[in-house]
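Please work through the following exercises with the sequence and the coordinates side by side, and attempt each task before reading its solution.

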Amino acid sequence: MALRGARGARRDLQRDPAAPDHVQGHAQEPGRHAGPARPAHVPLPGVQPRALRRGDLRRATGQGLRVRTPVHHERTDLRDGLRQRAAAPHARSRPIRRRAHAGRVPHRPAATRPRAADPGAGRPRRHPLRALLHQRSQSLITRPGGQTRVNTQAAPIILVTGGAGFIGSHTCVELLEHGHQVVVVDDHSNSSPAALARVEKTAGRPLLAAYRMDVRDTAGLDRVFRTHRFDAVVHFAALKSVRESVQIPLDYYDVNLGAMVSLLRAMHAHKVNRLVFSSSCSIYGEAKKLPLDEGRPAAPTNPYARSKWMCELMAGDLCRAWPEFAVLALRYFNPVGAHPGGLLGEDPRGVPGNVMPFAMQVAVGRREKLSVFGGDYATPDGTAVRDFIHVVDVADGHRVALRELGVDPDRPLGPAPAGLQVLNLGTGVGTSVLELVAEIERASGRAVPYEIVERQPGDVTRLVASAAAVERAWGWRTTRDVADMCADAWRFQKANPDGYGAPDGVRDGARDGDGDGEPDGGGEPGITAPSVAGAVSGPPK
C-alpha cells in the first residue's frame, strides 16, 4: 500500500475521515481488490495517524524511512505520454500531473543524496535480469592485441579428450587463448605429459585440470564429469593407423568405438549435450571425383575408417533418441605443421605414424631415411595425393565449431543446433608425398633421403577436400599454405630435436592422444606405423 507524508496527513484530518482507502481501482469496483481496504488510522512508527486517499502522491517518513511510490493516476499519465510519443516521435508528451507536492523534490537522507560529480547518480535501479547481463558483460577482459577473453569465473568449461596429443594440444592452446577453461583427459600412450606444460606456457594460462586415464574407464570418466560441470566436449582420443587397423581390427573397434560409447554415456548421464567429434577423411574411401564434399556417400576401405564412420552413426542415433544432443563431426584432411611459437609440434611416441614428423626427424638426423609407400599411383609423380592442412587452422576450426554449438566465452551459453552435422576441414589443394618432401627440404635447408616401397593395405590414391560447405556455414577458411606448414614444423623440430623427451618404459604406440584424424595410410602414406600401447588410468578419486 502506498503511503504519504505528515503534511498530507494533517490536511486529511480536516477532510472526511470515512473516505475509502483505495490505492488502485475505484470504490464502485470492489472486484479489483484482493480484500477490504486497510484502516486509514494504522500509523507507521513515528508517524501521526492520518487518512489516505486514492490518487495522491504519497510519502512516508519515520525512523529514517523514505518511500516514494507513484500512484495510479501517475502511472496512467506515464502510459499516456509513452503512447503519445510512440504515435508522434517528435511530439512532446503531456506533462505528468501530480496532485500533491507538485514541483517539489522528495527529501532524501544525506547518505542517499546523489553527488553532483557522480554521472550515474539518480539513475533508476536496474532490473535484476539487466543487472545480471551487465555483470556478465563486465567479465570480458581485453588482452594485448585487442582480443578479448572472459573472466575464468564465467568462462565455459570444455573437456578435451586426447588433449596432450598433436591436434589436441594445439586445440587446447586455441581454446585457452580465447577464454575457455579446459580439462584434459589423456592416457599418454602416444603423447607426452610435457606437452601440457607447454600448452600452458604457450597460452599464458593454466589448464583447469588434467587427468591421465583411458576414456573407456567409465567409472573414472563419470568421476571427471561429477567433478566439473562441462559445457561441451571435444573428442580426439582414438587409434589412427590404417595399416595397423588392417592387422588388428578388433583392437581398433574396441578402442575407438568403446571410447565413444563411454563418452556418450557420460555426456547423456550428466546432461552435457554439445560434442565436437574428430572424424576422418578416410571415410570417403577411394575417390572417383574430386574435391570430396560432405554429400559423398561413405565408402571406408579399412577398419580405422569404418570405426570413425561407425562413431558418426552412433552419434547420429543418440541425436535421434536425445533431441537436445548436438554433434559436429569434423572430417580432417591431413593436419601437419606446428605452433609458430616453436614449443608445440608433432612428437608421437616411438616411430612416427605420419609423413611430416617422420620426414622432419630424418631432416634433423634422428632417422636415416623416409619410406614412401607406393610410387605407382595414377598421379603426376606416382605418389599418393593428400589435402594437407595446418594444425593451427584445424585447432581454430574446433574453436569455431564450439561457437557454432552456442559455446562462446564472449556471450552467454546459447542454443545449439540439435542433431548431427558433418563438415570437412581442408584447403581444397592436393599435394603429393614427394611434393611435400621437396617443400620440407626447402624449409629446413637439408636433404631428406627417401625410398619408394610397396603400397600399404587400405591406401587410396587421392583425398582432397571441398571446404565450400564450412565456408558457407561459418564464414571460415584456412589461412596457411604448405610452405607455412613445413616452416613451422621445422621450427619446432630444430628447437626440439629429441621432441618432448619420452619417459622410459613406454612402448611405441598408435593411440592418437590427439586424434589427429589422419592415418598414415588413408591419410598420409609414407611411413611405418607404430604398435599398440596399453591404456593408463588415473581418474580423480
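The exercises below go from the whole chain to single residues and ring pairs.

This is a predicted model, in which local features need pLDDT of at least 70 and side-chain atom pairs count only at pLDDT 80 or more, while totals for chains, interfaces and linings use all residues. Residues are numbered from 1 along each chain as its sequence is written, and side-chain values use heavy atoms, with hydrogens and water left out.

**Exercise 1.** Describe the protein chain by its secondary structure, burial and contacts.

*Solution.* Begin with the DSSP runs, where helices (H or I) need at least four residues and strands (E) at least two, numbered from the N terminus; the protein chain has 14 helices and 20 strands. Next take burial, where buried means under 20% relative accessible area, exposed over 50%, and partly exposed in between, with a 1.4 Å probe and protein chains only; of the 541 residues, 51% are buried. Finally consider contacts, meaning heavy atoms within 4.5 Å: among those between residues at least 6 apart in sequence, 78% join residues at least 24 apart.

**Exercise 2.** Determine how the buried residues of helix H6 are arranged and what covers them.

*Solution.* First locate H6 at residues 218-227, where Gly220, Leu221, Val224 and Phe225 are buried. Seen down the helix axis, these buried residues fall within an arc of 140 degrees, so they line one face of H6; the arc is that of the directions from the helix axis to the C-beta atoms. Then look at the cover, which includes strands S5 (157-161), S6, S7 (209-212) and S8 (232-235), together with helix H8 (249-269).

**Exercise 3.** Establish the surroundings of Ser192.

*Solution.* Ser192 lies in the loop between strand S6 (181-186) and helix H5 (194-203), and Ser192 is buried, with a relative accessible area of 5%. Leaving aside residues up to four places away in sequence, Ser192 touches Ala164, Arg349, Tyr500 and Gly501. Closer along the chain, a polar atom of the Ser192 side chain lies 3.1 Å from the backbone nitrogen of Ala194.

**Exercise 4.** Two residues other than glycine have positive phi values, Lys271 and Asn334; is each of them buried or exposed?

*Solution.* Lys271, with phi near 60 degrees, is found in the loop between H8 and S10, and Lys271 is exposed, with a relative accessible area of 59%. Asn334, with phi of about 55 degrees, is found in the loop between strand S11 (326-332) and strand S12 (335-336), and Asn334 counts as buried at 0% relative accessibility.

**Exercise 5.** Classify the ring pairs Tyr284 with Phe333 and Phe492 with Tyr500.

*Solution.* Rings of Phe, Tyr and Trp (its six-membered ring) pair if their centres lie within 6.5 Å; planes under 30 degrees apart count as stacked, over 60 as edge-to-face and the rest as tilted. The structure holds four aromatic pairs. For Tyr284 and Phe333, the ring centres are 6.4 Å apart and the planes at 25 degrees, so the pair is stacked. This pair links distant parts of the chain, since Tyr284 is in the loop between S10 and H9 and Phe333 is in the loop between S11 and S12, 49 residues apart. Tyr284 is buried at 2% relative accessible area, and Phe333 counts as buried at 0%. For Phe492 and Tyr500, the centres are 5.7 Å apart and the planes at 65 degrees, so the pair is edge-to-face; Phe492 and Tyr500 are buried.

Methods
A polar contact is a pair of N or O atoms within 3.5 Å; within protein, one must be able to donate a hydrogen and the other to accept it, and residues adjacent in sequence count only if both atoms are side-chain atoms.
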